Amino acid sequence: MIKKVRIGVGIRIFLGSLFLASAKGYAEDGYRLWLRYEPLPKEAAEKYLRKVTSVVVPGQSGTLEAVKKELRDGVSGLFGIDIPLTDTVKGDGAVLVGTPKTSPQIAQLELPLAALGKEGYCIRSVRLQGCAATVVAANTDLGALYGAFHLLRLLQTGVSLEALQIDEKPRLHVRMLNHWYYLGGGIDWDNDGYALWDWKRLPEKVDARLRDYARANASIGINGTVLNNVNADAEILTAGYLRKVAAIADAFRPYGVKVHLSARFSAPIDIGGLKTADPLDPQVAKWWRTKADEIYALIPDFGGFLVKANSEGQPGPRTYHRSHAEGANMLAAALAPHHGIVVWRAFVYDYKPEYDRAAAAYDEFRPLDGAFSSNVLVQVKNGPVDFQPREPFHPLFGAMPKTQLIPELQILQEYMGRSTHLVYLAPMWREFLLADTDGQGTTVANVCEASAISGIAGVSNVSSVRSWTGHPFSQANWYAFGRLAWNPETTSEDIAREWIRMTLTRESAAVDTIARIMLESREAAVDYMMPLGLHHIVGNHYDPAPWRVGDSRPDWWATYYHKADEKGIGFDRTKTGSNALACYHSKVRDRFADITTCPENLLLWFHHVPWDQRLISGRTLWEEMALHYQRGVDWVRNTRRQWSTLQGVVDSERYALVAKKLAMQEDHAKFWKNACLLYFQVYSKRPLPDGVEKPDLTLPEYIGKIKVPGTTVDPRCQ
Ligand code: BDP
């Protein structure tokens, strides 16, 4: 890290060039994320310096102290001088931040704050006592903090501070991360690090890093976090752990990040000594009420519970022949007096013969529309199966108008190369959030926003590694999640460019190159992993294993999803097949059901298609599939070349790390392509088309490289 040069308050010495010289090519470990506050180029800094001569933050609270520190660190870093922090506006160039309560001057400005709620803010260029000033005003201290981060973003990305007229408020209420952290420190699908909070050393030792985690979240508007894995351990609800949770909540509070916990439905048995967890048993309801009271006594602003029930072996109300609504409502009643919420997951898919996993949650939850209490949110994954590189939107988003649905997105790239692959996820999330749920333009985002309590959740990719996310570009997914949670209509490109300027470089040609790489990356990953609507043909959720069979649950087999045979490939979800398409609104259904109107990128999700079927390009399905795989590999190869042009533009440490990871990504993309094409060729019996590179190994050799415990290999391909 660059050492901050502190100079006396009010002394205007411009040190920008000094910072700049040391910034070029210096090692950067990624810890500072997008809040690096690197010195601006001289000209830009000079322009801003006239606009920002002092920071004025009257009043005191934990959150206002955070505002003061952030603005001071931010502007000092960006301008290379110490900007004074004062209580009153004097002379031109004050940045005044606060609320009508903390600042009489803000109260007098008559800003349109009434419409901006508890978290909104406005930023204005104004005159105060005859002096030019910039005002960041909000109804609450938290709104002021969000506004301060917005102002810093303008400075970091080179936006002019002339004539500012910004009104902002989040489109969704609950914007939270879900951490898949186990109490032992391990994380599902993250091999880089451990849980960020060190349960063993808490509550005595609260790592200073937790503050930076909360800061980063606040900077993008994230206001909640679930501390433990959805596969929950009831231990988290014991008195000892709750004290640890309270210490974390104290660290996050100034930044407006509420803590939530995953609750294990059988906790009354596991840690409460009861014989049942039946939600209709009065003793059980009482146990949860008492537990909620205990939690709120320690953490008055506790967010609430997240529950994975009757899914993948987790306990739940179905164990007692009660519905998901009965289970959720019982917990909701315990939290309601404290204004807490229950987030109840809809990720359920009990295996039944002849069923289609893509319709399982719909079958179970759709009949419960309107049955959930007013402080229950039902959290639904973006697609009907499980965080695949491309899925259609989950049909529940068009089917439960009387239920508060919130999307669950996955920032952690469980199925998309983890922290090895460069895959920018904003385009995928936008595709989902803007999907038309009823054929009349009601998007998923519209559906979610209509709830009295609205929200969105993202499964976090953050761990204890110094860089937070392992791959430097995975930080962009954390960033993009927050920005889209704030406003789903922000474009992927705007988010990417903002992030690049704050995090990697401000050189415009380099910004263009990197933005292009990011924007193309998701489609490339789909191409080399699961093109044309293929899904779940994975081994360990990282490597390909389209030959995978033999698991205890047939709906984990790869063949269950691709259904390749001599005739063709794909899952027929129309009336002639599983009819899972019936879950969608009629207009959406009709479009997907007709092979001529079904988007080609979802073709094999909805249809079993003959190998020789002609696609839009005029090529056959087999040729097209093979060329998609090749295109994905070519993209990574080409991206490596493009990245090499950035040597010396991006700092050396992150440059080298990305270069190394791209090399691994190319090898892995080739592996995916070769393994999948050789396997599917067993059925298609057609040659690889021109332009598709020959695999290096044989199919048995590829198969031999992937070991998935408890599975065997499709006997037809051996
Ligand atoms: C699957 C993950 C598993 C999660 C589960 C879930 O493999 O670790 O527990 O989803 O979301 O994708 O509950």
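**A walk through the predicted model**

Strands β12 and β13 make a good starting point: β13 covers residues 405-410, and the two strands run parallel to each other, joined by four bridges. This is a predicted model, and the description below moves from this pair of strands to the chain as a whole, then to a sheet, some aromatic rings and two single residues.

Within the β12 and β13 pairing, valine 378 faces leucine 405 of β13. On the β11 side, β12 is again in a parallel arrangement, with four bridges to β11, which spans residues 341-345. Here glutamine 379 of β12 has arginine 345 standing opposite. How many of the six residues of strand β12 are buried? The count is six of the six, so β12 (residues 376-381) is largely enclosed by the rest of the structure. Side chains in a regular strand alternate between the two faces of the sheet. In β12, Val376, Val378 and Val380 point one way, while Leu377, Gln379 and Lys381 point the other way, and all are buried.

Stepping back to the overall picture, the protein chain has 22 helices and 18 strands. Its radius of gyration is 26 Å, close to the 27 Å given by the globule rule for 718 residues, so the chain is as compact as a globular protein of that length. Along the principal axes, the C-alpha atoms fill a box of roughly 80 × 65 × 50 Å. Of the 718 residues in the chain, 63% are buried. Among contacts with a separation of 6 or more, 73% are between residues 24 or more positions apart. The accessible surface comes to about 26400 Å², and carbon and sulfur atoms account for 52% of that.

Next comes an open sheet of six strands, in the order β2-β1-β3-β5-β4-β6 and with mixed pairing. At its edges stand β2 (85-86) and β6 (165-168), each with a single partner strand, so one side of each is left without a neighbour in the sheet. What is the sense of the pairing between β4 and β6? These two strands are antiparallel and share four bridges, with isoleucine 123 partnered by isoleucine 166 of β6. β4 also pairs in the antiparallel sense with β5 (residues 131-138), this time over eight bridges. One of the bridge partners here is valine 135 in β5, which matches up with arginine 124. The hairpin of β4 and β5 has two residues between the strands, and glutamine 129 takes a positive phi near 45° there. As for cover, six of the eight residues of β4 are buried, leaving the strand mostly covered.

The aromatic residues are worth a look too. The structure holds 38 aromatic pairs, and one of them joins tyrosine 121 to tryptophan 486. A ring pair is described by the distance of the centres and the angle of the planes. For tyrosine 121 and tryptophan 486, these are 6.1 Å centre to centre and 35° between the planes, a tilted pair. Tyrosine 121 lies in β4 (residues 121-128) and tryptophan 486 in helix α14 (residues 474-486), so the pair ties together parts that are 365 residues apart in sequence. Tyrosine 121 counts as buried at 3% relative accessibility, and tryptophan 486 counts as buried at 5%.

Elsewhere, ring pairs link Tyr31, Trp34, Tyr181, Trp197, Tyr213, Phe252, Trp468, Trp478 and Tyr479 into a cluster. One of these rings also has a charged residue over it: arginine 209 lies over the face of tryptophan 468, 4.0 Å from the ring centre. Likewise, lysine 563 has its charged end over the ring of tyrosine 560, at 4.7 Å from the centre.

Two single residues round off the tour. Leucine 699 lies in helix α22 (residues 699-705), and with 8% relative accessibility it counts as buried. Leaving aside residues up to four places away in sequence, leucine 699 touches Trp547, Ala675, Leu678, Tyr679, Val682 and Cys717. Its C-alpha atom is 8.9 Å from that of cysteine 676, which is 23 residues away along the chain.

Is proline 337 buried or exposed? At 57% relative accessibility, proline 337 counts as exposed. This proline sits in the loop between α10 (324-335) and β11. The C-alpha atoms of proline 337 and alanine 239 are separated by 21 Å, with the two residues 98 apart along the chain.

How values were computed. Residues numbered from 1 in each chain as written. Predicted model: local features only at pLDDT ≥ 70, side-chain atom pairs only at ≥ 80, totals over all residues. Heavy atoms only, no water. Buried < 20%, exposed > 50% of the residue type's maximum accessible area, 1.4 Å probe, protein only. Pairing = 2+ DSSP bridges. Phe/Tyr/Trp six-rings, centres within 6.5 Å; stacked < 30°, edge-to-face > 60°. Lys NZ or Arg CZ within 6 Å of the ring centre and 35° of its normal. Contact = heavy atoms within 4.5 Å. Rg over C-alpha atoms; globule rule 2.2 N^0.38 Å. Areas by Shrake-Rupley, 256 points an atom, 1.4 Å probe, with all protein chains shown as cover.
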